[in-house]
There are 2 protein chains.
Amino acid sequence: MREAFHEQLDGVFDDLAGICRSVETAVRLATQALLSGDAAIAEQVISADADIDKAKEKIEDTCFQLLSLQQPVAGDLRVVVSALRMVTELERMGDLSVHVAKIARLRVPDIAVPEEVRPTLARMGEVAEDMVCRVEQIITTKDVEAAIELGRADEIMDGLRRQSFAELFADEWAHGVEAAVDIALLGRYYERIADHAVSVANRVVYVVTGDFPVDV
Amino acid sequence: MREAFHEQLDGVFDDLAGICRSVETAVRLATQALLSGDAAIAEQVISADADIDKAKEKIEDTCFQLLSLQQPVAGDLRVVVSALRMVTELERMGDLSVHVAKIARLRVPDIAVPEEVRPTLARMGEVAEDMVCRVEQIITTKDVEAAIELGRADEIMDGLRRQSFAELFADEWAHGVEAAVDIALLGRYYERIADHAVSVANRVVYVVTGDFPVDV
């Protein structure tokens, strides 16, 4: 009985890593659509989100089965509930990628991001994608050190967001209010993807050690 | 044993309604700080958030006790897991109120919202506060009809957000990029509060009927 439980639980974590890979693709393609103004790629991100939702439902069903049939207590119980929370956050990261793709699509055939802020937004996209990729590794390897390290990447994202505001609010800004609003919202979406990545990584720390990292 | 379980579960829902009241206060005061540029009220929202976090932890602890000691199955299990999800969303609504309060504080002694968009932002604040108030009632009375009705208030919020964009992007806009970005982000925060309110209400429908409302 306990062995079956842990096998099923390993399956849940494999599925969580799988969703993470889908989110990584969503972040990468959404950024690509954004910086190139490519409507087809934006559509691809938007339509692929249904698969992430389906994968989420599958994990939720398995977790409910585990809770219901195996009635785990103590540590095992907390691991299953953590998995339920992780999948909610990963699905939300997919939604945020869709928000990025929708801003890209809205401005086609133009590119939503004016040329001089494109490097900052490109870096945001890269950092977000890298963080999601590292979360996938952290889920797979249960590497606590790597999970704690991820908090530092989040600081880079915060710095990029401040930089984007500095660019928007500079006297030289010549792209009007609409582009500025797009960039402020895009910055918010990338920042939230990064926040959720850190949160998922912290849940892995909790699953392994029974404690959340300090200051979380 | 079952009676003790249902008593404890009732206590959890009372506590959820209590958090809802704290969130309602946070939304109301954050809007007030925003529209009046009152730093003291903004500070009050920011510092009161720690109480919401504490109340959340209390509910989570009780839910884990219920899962661990009573090992509920089927419907009872889903109610406890729903409660865990509701408290996460309510706490997030508190965080979003803090974001509103922080924009208010950042612009003191000025008022972040220029006069001509103040009515729209004031309406957003009212609609958000009203939705949180109704969620509290829905949690207390388990009123499925009222929960489904809440989705319509969310449409009003979406309409207000479109209106705020129309105001920002109008040729007459004379308040520059910084104020426009503030308003776009404020709109996003109020919209998310409304989204979470609908989601919490839908979870009540699920707790009562075993099904989510259509299109959720």
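So, cavities: how many of 30 Å³ or more does the count come to? Just 1 cavity. Keep in mind that what you see on the screen is a predicted model.

The largest cavity holds about 50 Å³ of space. If you want to find it, look for L67(A), Q71(A), P72(A) and L77(A), plus L67(B), Q71(B), P72(B) and L77(B), which line the cavity. What kinds of residues are these? The lining divides into 6 nonpolar and 2 polar residues, with no charged ones.

Okay, both chains showed up in that list, so let's talk about how the chains are related. You can superpose chain A on chain B with a rotation of 180° and 0.0 Å of shift along the axis, and the RMSD is 0.0 Å. The two copies are thus related as by a two-fold rotation axis. And how do the copies meet? Well, 100% of the interface residues of chain A are also interface residues in chain B, so the copies meet through the same surface.

Next, the pockets. I picked the second largest pocket, with about 150 Å³ of space. It has 13 lining residues, and the closest to the pocket's centre are S22(B), T25(B), A26(B), A48(B) and I52(B). Which helices supply the lining? In chain B, α1 (2–36), α2 (39–70) and α3 (74–107) each give at least two residues. The largest share comes from α2(B), with 7 residues. Sorted by class, this pocket lining has 7 nonpolar, 4 polar and 2 charged residues.

Let's move on to the nonpolar core. The largest one has 161 residues. Which residues have the most contacts inside that core? They are L16(A), L34(A) and I139(A), together with L16(B), L34(B) and I139(B).

Let me zoom in on one of those, I139(B). Leaving out residues up to four places away in sequence, I139(B) touches F13(B), L16(B), A17(B), C20(B), M86(B), V200(B) and V204(B). You'll recognise L16(B) there, another residue from that list of those with the most contacts in the core.

Last stop: H196(A). You'll find H196(A) in helix α6 of chain A, which covers residues 176–209. Is H196(A) buried or exposed? Its relative accessible area is 10% and the cut-off for buried is under 20%, so H196(A) counts as buried. And who are the neighbours? Again skipping residues up to four places away in sequence, H196(A) touches E89(A), R92(A), M93(A) and L96(A).

That's my tour, so over to you for questions.

Definitions and conventions:
Residues numbered from 1 in each chain as written. Chains lettered and ligands numbered in written order. Predicted model: local features only at pLDDT ≥ 70, side-chain atom pairs only at ≥ 80, totals over all residues. Heavy atoms only, no water. 1 Å grid on protein atoms, 1.4 Å probe; cavity = no way out; pocket = protein on both sides within 12 Å on 5 of 7 lines; lining within 4 Å. Points joined across faces, edges and corners; volume = space filled by probe spheres on them. Helix = DSSP H or I, 4+ residues; strand = E, 2+ residues; numbered from the N terminus. Nonpolar A, V, L, I, M, F, W, Y, C, P; charged D, E, K, R; others polar. Buried < 20%, exposed > 50% of the residue type's maximum accessible area, 1.4 Å probe, protein only. Contact = heavy atoms within 4.5 Å. Core = buried A, V, L, I, M, F, W, Y, C linked by side-chain atoms within 4.5 Å. Least-squares fit on C-alpha atoms with pLDDT ≥ 70 in both.
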